[in-house]
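Please look through the sequence and the structure below with an eye to how the strands and helices are arranged. The paragraphs that follow take up the sheets and then a pair of helices.

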Amino acid sequence: MKAEIVAIGTELLLGDIVNGNAAWLGRELADIGVDVDLTTAVGDNIRRISAAVGRACERADVVVLTGGLGPTQDDVTREALAELAGVRLVRDPQLEAALRARYVASGRTDFPENNLRMTDRPEGASALPNPAGTAPGLRMTIGPRGTTVYALPGVPREMQEIFTTWMRAELADRAGPGTIVLSRRLHTVGVWESQVSEALAELDAALAVAANPTIAYLASQGQTLVRLTAKAPTELAARELIAGVETRVRAALGDVIYGVDDETLESVVHHLLLTAGATVATAESLTGGLLGAALSATPGASATYRGGAVLYATDSKAAVVDVPAALLAERGPVDPDVAVAMADGVRRAFGATYGLAATGVAGPTEQDGKPVGTVYIALVGAADVLVVRELRLAGGRDRVRQGSVLTALDVVRRQLSGLPQR
């Protein structure tokens, strides 16, 4: 069964909001064997929405819309669907009664009359109750193919609730039991997307012949995701298809793969520390707290992350974690020995197993003769300096800072996993 997604909202076109709804729907539809062939974004305009949905109905068995179902004047999805179907909008008395009752139950007496726009529906459409909000979804059949069109609110939680409550089982039944679409996501760090693609070129070419399973790549913020997707009559068969390919991907990429599916680099580091009964503390200069934020992001991180110090000013490195003032005066703050002293000082200050430090030049200009992108990462244990990494990171300020965090986390991962440092 073929599907298309039409995301509605001028804010999507202007870049004010990222189209996360389409990503979520794509994953959910794939899980039940529905292929999403195309995703479209269109602004809040009746004519353009009608045209976009009409084209989608010519191609797809199912079209899922998100957005434009609220009470304001720019919420015009209902009007666009009515125009496309050649029917009029009608006010649904049951929806109106339910909406008014919801306001009364919440203790509010100021019922805005424009809210009643949410109780309108195109003639022939059925309402999909919204367990999480006030704007109901819609279901209707449009076009000569008899395409089923679902219209859902743009608020992510409301969209997800309606999909889960009313649509998922219905679409799974229509897709039938004969098609399972399963994906496995492998996460890498420290390599470019082009390097990953080159390493997997031979495997990719072999898989392209049968097109099942498939390999896709997604680069984001210094990491590359490798997604393996298989279709099969059963989930077990799909898993077996993916397992064979995953073995070959791991053989080709090796230890740059740090996790799978929903694992993050910080969650992997947390679990490695937990398994080792170890803790870490951080001393940060150029990253300004980003490293500590990453290490504290995983639930239960208080068991492995002792705390950290943001030592942005040069003199704070001496005042807070006892970096020798003479060393700072001689070398400046961007120096491998300074990174080691920061790591050792913060380890002792917080009573941690390991001290992890990052100092460098994020830009936009060089510092003490050190070019932008020069970064030093140090990991220190109770009795030894374990790792000192010098980085030459490319890109703007944000990219340098994010790359420093990823490298620091990967240094800890490799140390705890017994892997060679890169």
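In this predicted model, five strands are assembled into an open sheet whose order is S14-S13-S15-S16-S17, and the pairing within that sheet is mixed. Its edges are formed by strand S14, residues 305-310, and by strand S17, residues 385-392, each of which pairs on one side only. From one strand to the next, the twist averages 10 degrees. Strand S13, which covers residues 280-284, runs parallel to S14 and is joined to S14 by five bridges; within this pairing, Val280 has Tyr305 in S14 as its bridge partner.

A helix accompanies this sheet: helix H14, made up of residues 336-350, lies across S13, S14, strand S15 (354-360), strand S16 (374-380) and S17, and the direction of H14 is at about 140 degrees to that of S15.

A further open sheet is built from four strands in the order S10-S11-S9-S12, and here the pairing is antiparallel. Strand S10 (214-220) and strand S12 (257-260) stand at the edges, and because each has a single partner strand, one side of each is left without a neighbour in the sheet. Neighbouring strands of this sheet are turned against each other by 25 degrees on average, when direction is ignored. Strands of a sheet pair through backbone hydrogen bonds, in either a parallel or an antiparallel manner. For S10 and strand S11, the latter comprising residues 223-232, the arrangement is antiparallel, with seven bridges joining the two, and Thr214 is found opposite Thr229 in S11.

Turning from the sheets to helix packing, one may recall that two packed helices are described by the angle between their axes together with the distance between those axes. How do helix H3 and helix H4 cross, and at what angle? The axes of H3 (residues 46-59) and H4 (residues 77-85) come within 8 Å and cross at roughly 60 degrees, which means that H3 is oblique to H4. The crossing in which H3 passes H4 is right-handed.

On the H3 side of this contact are Ile46, Arg47, Ile49, Ser50, Val53 and Gly54, and these meet Glu79, Ala80, Leu81, Glu83 and Leu84 on the H4 side. Sorted by character, the residues of the contact of H3 with H4 comprise six that are nonpolar, two that are polar and three that are charged.

Terms used. Residues are numbered from 1 along each chain as its sequence is written. This is a predicted model: local features need pLDDT of at least 70, side-chain atom pairs count only at pLDDT 80 or more; totals for chains, interfaces and linings use all residues. Side-chain values use heavy atoms; hydrogens and water are left out. Axes are lines fitted to C-alpha atoms, for helices over the stretch in contact, and angles run from 0 to 180 degrees between N-to-C directions. Angles under 35 degrees count as roughly parallel, over 145 as roughly antiparallel, 65 to 115 as roughly perpendicular and the rest as oblique. A crossing is left-handed if the near helix is turned anticlockwise from the far one by less than a right angle, and right-handed if clockwise. Contact means heavy atoms within 4.5 Å. Ala, Val, Leu, Ile, Met, Phe, Trp, Tyr, Cys and Pro count as nonpolar, Asp, Glu, Lys and Arg as charged, and the others, Gly among them, as polar. Two strands pair if DSSP finds at least two bridges between them.
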